[in-house]
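The following paragraphs offer a guided reading of one structure. Please keep the sequence and the model in view while reading.

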Amino acid sequence: MKLAIDGGTPVREAAPRMLYPGCSVYDEKEANEILKVAMARSPFRYYGYEPQHMADNFENAVKERFNIKNALGVTSGTAAVIVALKAAGIGPGDKVIVPACTFVATAGAVICAGAVPIFADVDDNLNINPDEIGRLADKYTKAVIAVPMAGNPCPMDRVVEEAKKYNLIVIEDVAQSMGSSLNGKPMGTWGDIGTFSFQLNKVLTTGEGGLVITNNDDYYERAVRYHDQGSFRKAGAKISTDVSRVLIGQNYRMSELTAAAAGIQLGKLDDIMIRMRAIKKQIKAGISDIKGIRFREILDKNGDAGTTIVMFLPDKEKTKRFVSALRAEKIPCGDMYEGTPVYMNPQIFYKKTIDTNGFPYNQFDEEIIYTEDMCPNAISIIPTIATLGVTPVLSQQDIDDIITAVRKVAAAVL
Ligand SMILES: *Cc1c(COP(=O)(O)O)cnc(C)c1O
């Protein structure tokens, strides 16, 4: 059959509206909760006319859902990683190990926190190769950030074991995989601190928003202070100004409007997971016999967030053609960050920080050198990835069309 990209008839006339998992299940529940905040004229979490305590309630629900001692809503996933790093005492003169496959924000947050990212290679599951921790750890290394990529849980048992050997703090950037777990234990609860994002593309969304969770009370207090100009306060309570604890902070406070939507979205997380896993399974079953498509290894099938089908194709050129051809069939298909490891983003690779004096790269008695081939597996596999996004609302017709289109394009291209 002639491909749409070559002038043939596309499988569909219009693409399914399949992006944005959390947003696809917005309904009057989110609307009503946001309305409560508006009608109470109380969009600020700590005081106002009639505070609705949406942020407090959301954080309490998170603690219960994740069986964790502390939770703090913040303004974004990037803010969450910065707050986590600062809470753990990481800053100038420190190195942080970051996986080669992640969104640029993970590495950028490290630099914004005043530290420097050092890149670890990934396995074919796209997550950090735990053996890289020992290879990279030196006298400057303070932490490792594990990033469950596109729904797939990280081997956190191994990451934590390796990190312990080198006395590293473990942060989990779960921005794109909320709800994923390994052996029943949620991503974000294995290490010292977990972070999440509620940006539009994520499992749950409030447009913008983020979350920090930790069992460490000291990190929690530092996180609260750093995100609120050094203050520590509860709604209606006085700010603690104990001078032994105060510190200069930022403002990364979550708005009550955001928290209202976040609370409702959190209540939908389990349902979103169940539906996405089932849809993902159905699509995979429909394309699993295709020669030339290899699926990513999923470490725990029951713990996969189910957001994404990651396919490895034979080579870079075929991948480019496959992605374009599928899009022409009106099936959304993605690459993995334009086919490059995170450190090939020019601002990271060329160390283009906002500071002009070389900070924070000038904090070491050695030069920090990034090279294109420093993570050989990432460089070789990332350009061969095509992705299919999954949302909870795909219809049977959508699912059937995705399978039909992938089979059609694969037959012609692979
Ligand atoms: C999206 C994302 C972030 C950033 O989240 P924002 O809410 O957009 O700031 C950080 N890390 C990873 C891995 C992400 O996917």
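In this predicted model, 15 residues surround the ligand, and those that come nearest are Thr78, Asp173, Gln176, Ser197 and Lys202. Which atoms of the ligand do the polar side-chain atoms of glutamine 176 and serine 197 approach? In the case of glutamine 176, a polar side-chain atom lies 2.7 Å from an oxygen atom of the ligand. For serine 197, the distance from a polar side-chain atom to an oxygen atom of the ligand is 2.6 Å. Aspartate 173 has an N or O atom in its side chain that is 2.7 Å from a nitrogen atom of the ligand.

Thr78 leads from the ligand to a pair of helices, for this residue is listed among those nearest the ligand and also takes part in the packing of α4 on α5. Helix α4 comprises residues 77-87 and helix α5 residues 104-112; their axes are 9 Å apart and form an angle of about 45°. The two helices are therefore oblique to each other. The crossing of α4 with α5 is right-handed. On the side of α4, the contact is made by Thr78, Val81, Ile82 and Leu85, and on the side of α5 by Ala105, Ala109, Val110 and Cys112. Of these residues, 7 are nonpolar, 1 is polar and none is charged.

A further site to examine is arginine 253, located in the loop between α8 (217-227) and α9 (256-267). Beyond its neighbours within four places in sequence, arginine 253 is in contact with Phe44, Tyr46, Thr75, His227, Asp228, Gln229 and Arg233. With aspartate 228, the side chain of arginine 253 forms a polar contact of 2.6 Å.

Methods. Residues numbered from 1 in each chain as written. Predicted model: local features only at pLDDT ≥ 70, side-chain atom pairs only at ≥ 80, totals over all residues. Heavy atoms only, no water. Axes fitted to C-alpha atoms, helices over the stretch in contact; angles between N-to-C directions. Helix = DSSP H or I, 4+ residues; strand = E, 2+ residues; numbered from the N terminus. Parallel < 35°, antiparallel > 145°, perpendicular 65-115°, else oblique. Left-handed = near helix turned anticlockwise from the far one by under 90°. Contact = heavy atoms within 4.5 Å. Nonpolar A, V, L, I, M, F, W, Y, C, P; charged D, E, K, R; others polar. Near = heavy atom within 4 Å. Polar contact = N/O pair within 3.5 Å; in protein donor to acceptor, adjacent residues only side chain to side chain.
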